[in-house]
Each structure stands twice: as structure tokens, then as C-alpha cells.
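Student: I'd like to zoom in on one part of this protein and really understand it. Please pick a stretch of the chain and walk me through what it pairs with and what surrounds it, in one go.

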Amino acid sequence: MVCLANSEKNRGRCLAGVRVDTGGWIRPVSDDDGSELLQKQYETVSGHHPEVLDIISVKLESQHPKYNQPENWVISSDSWELIDTELSHQAELALNVALQREGPILCNT
């Protein structure tokens with residue numbers, strides 16, 4: 001995913017972005033309730049904390065959309081991996097696909 005948001009939420013972090021493989025919006029969550037991520041869940045194998053525009057590999061378990069957060073995906077227990085800190089051509093295409101869709105983006109037009 002291309003990380004487009006990384007903010008504090010309760011005692012953890014809320015990250016969101018665009019899937020590089022599909023151009024779909026994604027918000028990795030720790031459980032079916034859409035809970036925030038703990039540091040041990042979002043820290044990469046190399047100890048990096050995702051920043052905006054980083055390309056991160058995240059293993060997903062299942063999609064758990066909520067009315068106000070349809071992009072929620074529960075993560076697996078596998079460690080995240082930093083792929084790149086610069087946008088690749090594939091990541092740029094995925095962002096373009098995500099932004100060209102009609103209708104709301106992350107529940108807002």
C-alpha cells in the first residue's frame with residue numbers, strides 16, 4: 001500500500017492508503033471492530049514506522065467494512081515490510097486509479 005495517512009488514535013495509530021495492486025482504498029485495522037494499530041503491528045521488519053508516501057507491504061486477513069469505514073481490512077500477525085520510500089510507477093498508477101473513481105473517497109466527496 002501507499003501510505004497516505006498516519007495519525008494517532010487512542011493509544012495506537014490509524015493508517016490508511018491505496019493498495020498498489022488494485023488502486024483500492026485500504027485502512028489496516030487490528031480487529032473486526034476496526035481498532036487502532038499498536039506499534040508492534042505497524043513497525044516494519046527493519047524497525048521503520050510508515051510515513052506518508054511510503055510503500056509498505058501489509059499482509060491482510062479479511063475485509064471488515066463498517067458503514068463509516070468501508071476500507072477496513074484486518075491485518076495478519078505477519079510483520080510489515082518497507083518496500084520503498086519513493087513512489088514507483090506502479091504506485092503512481094494505483095493512486096491515479098483511486099483518484100479517478102466517481103463517488104466518495106474515504107466516505108467523503
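**Strand β2 and its neighbours**

Tutor: Let's start where β2 meets strand β3 (residues 25-29): the two run antiparallel and are joined by two bridges. Keep in mind that you're looking at a predicted model.

Which residues face each other across that pairing? Val18 sits opposite Trp25 in β3, and Gly17 has Ile26 of β3 across from it. Follow the chain from β2 to β3 and you go round a hairpin with six residues between the strands. One residue to look for there is Gly23, whose phi is positive, near 80 degrees.

Now turn to the other partner. Strand β1 (residues 2-9) also pairs with β2 in the antiparallel sense, this time over seven bridges. Here you can find Asn6 standing opposite Leu15 of β2. β1 and β2 make a hairpin as well, with two residues between them. Its turn holds Asn10, which has a positive phi of about 55 degrees.

That Asn10 deserves a pause. Most residues that aren't glycine have a negative phi. Asn10 isn't a glycine, yet its phi is positive. The residue belongs to the loop between β1 and β2, and its relative accessible area is 65%, so it counts as exposed. If you like hunting for such cases, try Leu53 too: it isn't a glycine either, and its phi is positive at about 80 degrees. You'll find Leu53 in the loop between α1 and β4. With a relative accessible area of 36%, Leu53 is partly exposed.

Back to our strand. Is β2 (residues 12-18) enclosed or open? Six of its seven residues are buried, so the rest of the structure largely encloses it. β3 goes the same route: five of its five residues are buried, which leaves that strand mostly covered.

Look at how the side chains of β3 are arranged. In a regular strand, side chains alternate between the two faces of the sheet. In β3, Trp25, Arg27 and Val29 point one way, while Ile26 and Pro28 point the other way, and all of them are buried.

β3 has a further partner, strand β6 (residues 72-75), and this pairing is parallel, with three bridges. In it, Val29 has Val74 of β6 as its bridge partner. While you're around there, find Trp73: the charged end of Arg19 sits over its ring, 5.3 Å from the ring's centre. As for ring-to-ring pairs, the count of aromatic pairs is zero.

Let's step along to another corner for contrast. Leu82 lies in strand β7 (residues 81-84). Its relative accessibility is 26%, so it counts as partly exposed. What does Leu82 touch, once you skip its neighbours within four places in sequence? The list is Thr44, His48, Asp54, Ile55 and Ile56. Take Thr44 from that list and flip the view: leaving out residues up to four places away, Thr44 touches Ile56, Trp80, Glu81 and Leu82. Thr44 is placed in the loop between α1 (39-42) and β4 (55-57). Its relative accessibility is 4%, under the 20% limit, so Thr44 counts as buried. For another use of Leu82, check it against Leu99: they're 17 residues apart in sequence and 23 Å apart in space, C-alpha to C-alpha.

Finally, zoom out to see where these pieces sit. Counting the elements gives two helices and seven strands, and from the N terminus they run β-β-β-α-β-β-β-β-α. The radius of gyration is 13 Å, close to the 13 Å that the globule rule gives for 109 residues, so the protein is as compact as a globular protein of that length. Its C-alpha atoms fill a box of roughly 35 × 30 × 25 Å along the principal axes. Buried residues account for 38% of the 109 residues. Among contacts with a separation of 6 or more, 58% link residues 24 or more positions apart. The accessible surface comes to about 6,600 Å², and carbon and sulfur atoms hold 45% of it.

To hold on to one picture, go back to β2: it pairs antiparallel with β1, antiparallel with β3, and has six of its seven residues buried.

Methods. Residues are numbered from 1 along each chain as its sequence is written. This is a predicted model: local features need pLDDT of at least 70, side-chain atom pairs count only at pLDDT 80 or more; totals for chains, interfaces and linings use all residues. Side-chain values use heavy atoms; hydrogens and water are left out. Helices (H or I, at least four residues) and strands (E, at least two) are DSSP runs, numbered from the N terminus. Buried means under 20% relative accessible area, exposed over 50%, partly exposed in between (1.4 Å probe, protein chains only). Contact means heavy atoms within 4.5 Å. Rings of Phe, Tyr and Trp (its six-membered ring) pair if their centres lie within 6.5 Å; planes under 30 degrees apart count as stacked, over 60 as edge-to-face and the rest as tilted. A charge sits over a ring if NZ of Lys or CZ of Arg is within 6 Å of the ring centre and within 35 degrees of the ring normal. Two strands pair if DSSP finds at least two bridges between them. The radius of gyration is taken over C-alpha atoms; the globule rule is 2.2 Å times the number of residues to the power 0.38. Accessible areas come from the Shrake-Rupley method with a 1.4 Å probe; for residues, only the protein chains shown count as cover.
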